[in-house]
Amino acid sequence: MFYREAGQFKTDYASDQQIFPILQDRLFVLAVLVVAFIVVPIFGTAYLFSEIFIPFLILSLAAIGLNILVGYCGQVSLGTGGFMAVGAYASYNFWLRLPEANNLVVVFLFGGVMAAAVGILFGLPSLRIKGFYLAVATLASQFFLDWTFARVKWFTNYTPSGSVAVGELSVFGWRIDTPVERYLLILAFVAVGALVAKNLVRGHIGRSWMAIRDMDIAAEIIGLRPLRTKLTAFAVSSFFIGVAGAMWGFLRLGSWEPAAFDINRSFQILFMVIIGGLGSLLGSFLGAAFIVLLPLLLNQLPAWLGIQMSTALLSNLEFMVFGALIVFFLIVEPHGLARLWSLAKEKLRLWPFPH
Amino acid sequence: MQFRKAALLGAAIVAAGVLAGSMAQAQNEQFIPGLIYRTGAYAPNGIPFANGIGDYYALVNARDGGINGVKILYEECDTGYATDRGVECYERLKAKGPTGAAFVSPLSTGITFALTEKAPIDKIPIISLGYGRSESRDGSVFTWNFPLVGTYWSAADIVLQHIAKKEGGWDKLKGKKIALVYHDSPYGKEPIALLEARAKLHGFEFTPMPVTAPGVEQKATWLQIRQQKPDYVLLWGWGVMNSTAIKEAAAVGFSRDKMYGVWWSGAEPDVRPAGDGAKGYNAAMLQHGAGQFDVHTDLKKYLYDKGQGLAKWDETGEVLYNRGLINGMLGVESIRTAQKKFGNKPLTGEQVRWGIENLDLSAARLKELGFDGMLRPLKVSCGDHEGTRAGRIQQWDGTKWNVISDWYESDDKVLKPMVEQAAKKYADEKKLTARDCAKES
């Protein structure tokens, strides 16, 4: 009843090829954007911005990046944390050594470009290895980048503790201090990033990635160049992940050490992509929400319900319930939460008249 | 249908009642957040510390009725030693209670680094008892950080002074080899600056050896030590890294009495797992050691005899439990000092900061509080956020810790210039203007 397309006729190619062809979809996304950009900044609390929305948005951008590589191009990568570190440290050094260019947009884009360059470098093995073996090669990149940022002191400006800190951030002259301002900047980046990613995967580049994913030999035979395609996937994916890493360091943590981007971060984002749905941008957002927000919810739920529990029991229970939910969702829907959503949409087309 | 509606209505009433009830109580209470960890790789050391803090606050409430009548409202949040979880716990708890958090003690150098950026904005002081940034001793730059009782540079200096004394003087260290096995995190890297400075001064060879967190993989490190045969090994680990290091030292045959841990690698959870292999292992003491003191008599009377203590009674004399007691006591006394100026009511973080900066605990007062024998008198001031910088060395004999040295005091001739230089570098990076301590006092 809600989701019928009856009566929505397209009269030109542009409207037929738009991202959201169904009117209800367009209205829904517009409503989400209005709420995100206007309603939430007015009514949100500082905790909501700094602990709920900011980590969720930054990691969904990283998940979009990884989804492009793993979901759309089929190249398994465990180097996400390392590429985030490249973005973060490249941005830090740019911010530190060029204080005149204290403009976060430029700083983050620089971090993304550096991460893309490193991503291309570590993506070269993908031309010879596939599947799990490529996962191991990218795992090597994770550990190598971990080691580089811990040992090569130039990157951390020779601090004795290995920790770096940033402050006095601004965008085009506008200071970014409060959680609301950070939230709005990150939201702008994520909105633009998601739009760019959506258009890339809908266009010929995205289709070449999907062809490589589905059957790379056949793709090569019909004329797609595997070198170019795989390396563009690594480049674009690492760009997104690098920008996300720079935002994580600058806007989420403020002061970080190499352990903030270790192997656990790589696993976390890979799990977001798997649980959210491979090959789906909505899946990146849903997976990020699941992995980032659910543990916090589980941690605070007993307090809201007034149940007193020791912190040790609470922490352990959080891990157990979280793990059980992951197993549950993967059994119920191996293709991820995005598939659950598209099934729901299909049912909504017929509801309330099932047959 | 009726039953469902009734059940929902009942749940709503209960929830509202719980909320209203909890809000009504919290009017004349001082909220203190507890960023501790009872799970994860660092739990063996985090649990006794958390028990010590929780028990001390409960004792103050039970024995004294709070701080001059203002009861302490304490809430724990498990950070698992992870920086982002620590920041999340801080954000969740910083505004609770009638006046917000009094102070925060994250028990993690990594989290302290992250909160150092946030504390001046939120105006909540950080008490980093024996950890945190070494240069935060300089209160003119680090207004909101208080590395009370000792920093890592003081710790490294105390251990080196003991080694020098054993060898017969600083000049006898020339040509010796000293290795540092450290946790590859800001915590572990902290002493390197001081050790390198001293190595240059006295001519000994210093070898830093990092161990990747959480520190269960140390075979390669200890094989290197077996090859290089350093004269002394300093252990800067935390959690399971400590017990693993001692076991590995026993496995490669490195004499444990040439191993010196810092005060965070010198507690019972570190030496017990190695069994007999830990005999002879030395560690620096954050002034206090293990054992029962006068405050424990009160703990037994007011908490443990009524079954309300957080730990088991046998565990209450352990090193880290005592450290938790000290952390709680310093916080409570800071609030009491602040109440003298601002009144006997719940205080804001800014007021408590004044209290910590003007904390002056004499020997008589420490005896009154029951901490005689655990702490020496300390006086915090604007220029000195450490308060006191002395320590001793203790040695494990298989069943208990024995104090094997006199008091050493870290050498300000070497330390003070390093602190000032590092603090200035931080101030320049952050474009902060240092306070003028002479004017403020």
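Where in chain B is B:P214 found? B:P214 sits in the loop between β6 and α8 (219-228) of chain B. That loop is a good place to start a tour, for the peptide bond that joins B:A213 and B:P214 is cis, with omega at about -5 degrees. Please keep in mind as you read that this is a predicted model.

## Chain B as a whole

Let us step back and look at the chain around that loop. Chain B contains 16 helices and 14 strands. Its radius of gyration is 23 Å, close to the 22 Å that the globule rule gives for 441 residues, so chain B is as compact as a globular protein of that length. Along its principal axes, the C-alpha trace of chain B spans about 80 × 55 × 40 Å.

How much of chain B counts as buried? The share is 56% of its 441 residues. Contacts that link distant parts of the sequence can be counted too: among contacts in chain B between residues at least 6 apart in sequence, 71% join residues at least 24 apart.

## Helix α7 and its surroundings

Now to a single helix. Helix α7 of chain B covers residues 192-202, and its buried residues are B:I192, B:A193, B:L194, B:L195 and B:R198. What do these buried residues pack against? Their partners in chain B are two strands, β5 (177-183) and β6 (205-211), together with the helices α5 (152-167), α6 (186-189) and α15 (412-430). After α7(B) comes B:G203, which has a positive phi, near 85 degrees.

Strand β5 deserves a visit of its own, and B:K177 is one of its residues. Is B:K177 buried or exposed? Neither word fits fully: B:K177 counts as partly exposed because it has 15 C-beta neighbours inside 10 Å. If its neighbours within four places in sequence are left aside, B:K177 is in contact with B:F204, B:E205, B:T207, B:Q228, B:P230 and B:D231. B:K177 and B:Y232 are 55 residues apart along the chain, yet their C-alpha atoms are separated by 6.7 Å.

A similar pairing involves B:G69, which lies in the loop between α2 (43-64) and β2 (71-78) of chain B. B:G69 counts as exposed, because it has 11 C-beta neighbours inside 10 Å. From C-alpha to C-alpha, B:G69 and B:N344 are 7.4 Å apart in space, while 275 residues separate them in sequence.

## Two helices that cross

Next, find helix α12 (residues 319-342) and helix α13 (residues 349-357), both in chain B. Their axes come within 7 Å and cross at roughly 110 degrees. Angles of 65 to 115 degrees count as roughly perpendicular, and α12(B) and α13(B) are therefore roughly perpendicular to each other. The crossing in which α12(B) passes α13(B) is right-handed.

Which residues make this contact? From α12(B) come B:S334, B:I335, B:T337, B:A338, B:K341 and B:F342, and from α13(B) come B:Q351, B:V352, B:W354, B:G355 and B:I356. Sorted by class, the residues of this contact are six nonpolar, four polar and one charged.

## Where chain A meets chain B

Chain A and chain B touch, and the contact takes 23 residues from chain A and 28 residues from chain B. On the side of chain A that touches chain B, α3 (46-72) and α13 (311-332) of chain A each supply at least two residues. α13(A) gives the most to that side, with five residues. By class, that side of chain A has nine nonpolar, eleven polar and three charged residues.

## Two loop residues in chain A

To finish, here are two residues of chain A that have a positive phi although they are not glycine.

| Residue | Phi | Loop in chain A | C-beta neighbours inside 10 Å |
|---|---|---|---|
| A:N157 | about 60 degrees | between α6 (131-151) and β1 (164-165) | 14 neighbours |
| A:E168 | near 55 degrees | between β1 and β2 (170-171) | 13 neighbours |

With 14 such neighbours, A:N157 counts as partly exposed. A:E168, with 13, counts as partly exposed as well.

Methods:
Residues are numbered from 1 along each chain as its sequence is written. Chains are lettered from A and ligands numbered from 1 in the order in which they are written. This is a predicted model: local features need pLDDT of at least 70, side-chain atom pairs count only at pLDDT 80 or more; totals for chains, interfaces and linings use all residues. A residue is buried if 20 or more other C-beta atoms lie within 10 Å of its own, exposed if 12 or fewer, and partly exposed in between; C-beta atoms are placed from the backbone. Helices (H or I, at least four residues) and strands (E, at least two) are DSSP runs, numbered from the N terminus. Two residues are in contact if their C-beta atoms, placed from the backbone, lie within 7 Å. Ala, Val, Leu, Ile, Met, Phe, Trp, Tyr, Cys and Pro count as nonpolar, Asp, Glu, Lys and Arg as charged, and the others, Gly among them, as polar. The radius of gyration is taken over C-alpha atoms; the globule rule is 2.2 Å times the number of residues to the power 0.38. Axes are lines fitted to C-alpha atoms, for helices over the stretch in contact, and angles run from 0 to 180 degrees between N-to-C directions. Angles under 35 degrees count as roughly parallel, over 145 as roughly antiparallel, 65 to 115 as roughly perpendicular and the rest as oblique. A crossing is left-handed if the near helix is turned anticlockwise from the far one by less than a right angle, and right-handed if clockwise.
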